[in-house]
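Thank you all for coming; I would like to spend a few minutes walking through one model, going from the overall layout to a few individual residues. Please keep the sequence and the structure in view while I talk.

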Amino acid sequence: MKAGSRSGPTETDTTMNLSLSSMSERERRMVAIGGAAAAVLLVLGVILPLDRSVAQAHERIVRKQADLVWMRSVAPELASAGPVQPGGGNHESLLVVVDRSARESGLGSSLAGSDPSGAGGLQVRMEKASFDSMVGWLSRLSQQNGVEIDGATIDSTGTPGIVNAALVLHSR
C-alpha cells in the first residue's frame with residue numbers, strides 16, 4: 001500500500017450532501033410535499049386558532065368598554081338619587097330576596113340549592129354561573145337589600161367565566 005492512498009471511504013464520501021440538486025426527482029417531490037404539509041399544519045394548527053382567540057378577546061374588550069361608557073353615563077343619575085336604604089323597607093325573608101334577585105339577574109338556572117345557616121343566614125349553592133353576573137348580583141344584593149356575604153367559595157368549571165360557588169349570606 002502506498003503512503004498517500006487509503007482503502008475505504010474518504011471524508012468527502014462520508015458527508016451527506018443534502019442539496020436539492022443532488023436529489024432524485026422523487027426525493028425532491030417528497031421534500032416539496034412535506035414542506036407544503038408542514039406549512040398547512042402551521043397555519044391551521046397554530047395561526048388560525050391564535051387569530052380566532054385574539055378576535056374573541058378583542059370583541060370582549062369592545063363589549064366591556066361599551067359597558068363602561070354606559071356605567072359612566074348613568075353614574076351621575078344614580079349619585080343624584082342618593083343612597084339606597086338597605087332592605088328597601090319590605091320584610092321579605094332572605095330566601096325570597098335571594099331567589100327573586102338571582103332570577104332577575106339571570107342566575108335562576110344556576111341556583112342549585114339553599115340551606116339555613118345560623119340565625120338569619122342562608123347558604124346558597126350556584127352551579128355553572130357566569131362569574132360576572134354573580135358578582136353583579138352579589139353587589140346588588142348588598143347595596144339594595146342589605147345582604148352581607150359572610151363567606152364564599154368559588155371554583156372554576158374549566159369554562160372561562162363560568163364558576164361553581166358556595167355562598168354564605170346574612171341579613172344586616
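I will begin with the chain as a whole, then take the sheet, the helices and finally two single residues.

What we have here is a predicted model, and its protein chain holds four helices and four strands. Read from the N terminus, the elements come in the order α-α-α-β-β-α-β-β. Of the 172 residues in the protein chain, 17% count as buried. If we take the contacts in the protein chain between residues at least 6 apart in sequence, 54% of them join residues at least 24 apart.

Let me turn to the sheet. In what order do the four strands of the open sheet lie? The order is β1-β2-β4-β3, and the pairing is antiparallel. As edge strands we have β1, residues 111-116, and β3, residues 147-156, each of which pairs on one side only. From one strand to the next, the twist averages 15 degrees. As a reminder of the background, strands of a sheet pair through backbone hydrogen bonds, in either a parallel or an antiparallel arrangement.

We can now cross the sheet pair by pair, starting at the β1 edge. Strands β1 and β2 are antiparallel and pair over five bridges; to find the register on your screens, look for Asp 115, whose bridge partner in β2 is Gln 123, and for Gly 113, which stands opposite Arg 125 in β2. These two strands form a hairpin with four residues between them, and in its turn Gly 118 has a positive phi of about 75 degrees.

The next pair is β2 with β4, antiparallel again and joined by eight bridges. Here Val 124 has Leu 167 in β4 as its bridge partner, while Ser 130 stands opposite Ile 162 in β4.

At the other edge, nine bridges join β3 to β4, the latter being residues 162-171, and these two strands run antiparallel as well. Ser 156 is placed opposite Val 163 in β4, and Ile 154 has Ala 165 in β4 as its bridge partner. Strands β3 and β4 form a hairpin too, with five residues between them, and Gly 158 in the turn has a positive phi of about 100 degrees.

Now to the helices, and to those on the sheet before the others. Helix α3, residues 94-104, packs on the sheet and touches β1, β2, β3 and β4, with a direction that makes about 15 degrees with that of β2. Helix α4, residues 131-145, lies across β2, β3 and β4 and runs at about 10 degrees to β4.

Helix α2 deserves a check of its length against its geometry. Its 57 residues, 25-81, should span 84 Å at 1.5 Å a residue, and because the C-alpha atoms at its ends are 82 Å apart, the expectation and the model agree. The helix does have a kink of about 35 degrees at Ala 75, shortly before the proline Pro 76.

I will finish with two residues. Is Ser 101 buried or exposed? Its relative accessible area is 8%, which is under the 20% cut-off, so Ser 101 counts as buried. Ser 101 lies in helix α3, and its side chain reaches the backbone oxygen of Val 98 at 3.2 Å. In addition, the side chains of Ser 101 and Trp 137 are joined by a polar contact of 2.8 Å. Leaving aside residues up to four places away in sequence, Ser 101 touches Trp 137 and Leu 141; given that helix α4 covers residues 131-145, both of these partners can be found there on your screens.

The second residue is Lys 128, which is found in strand β2. Its phi is near 50 degrees, a positive value in a residue other than glycine. With a relative accessibility of 66%, which is over the 50% cut-off, Lys 128 counts as exposed.

Conventions:
Residues are numbered from 1 along each chain as its sequence is written. This is a predicted model: local features need pLDDT of at least 70, side-chain atom pairs count only at pLDDT 80 or more; totals for chains, interfaces and linings use all residues. Side-chain values use heavy atoms; hydrogens and water are left out. Two strands pair if DSSP finds at least two bridges between them. Axes are lines fitted to C-alpha atoms, for helices over the stretch in contact, and angles run from 0 to 180 degrees between N-to-C directions. Contact means heavy atoms within 4.5 Å. The expected span of a helix is 1.5 Å times one less than its number of residues. The bend at a residue is the angle between axes fitted to the seven residues ending there and the seven starting there. Buried means under 20% relative accessible area, exposed over 50%, partly exposed in between (1.4 Å probe, protein chains only). A polar contact is a pair of N or O atoms within 3.5 Å; within protein, one must be able to donate a hydrogen and the other to accept it, and residues adjacent in sequence count only if both atoms are side-chain atoms.
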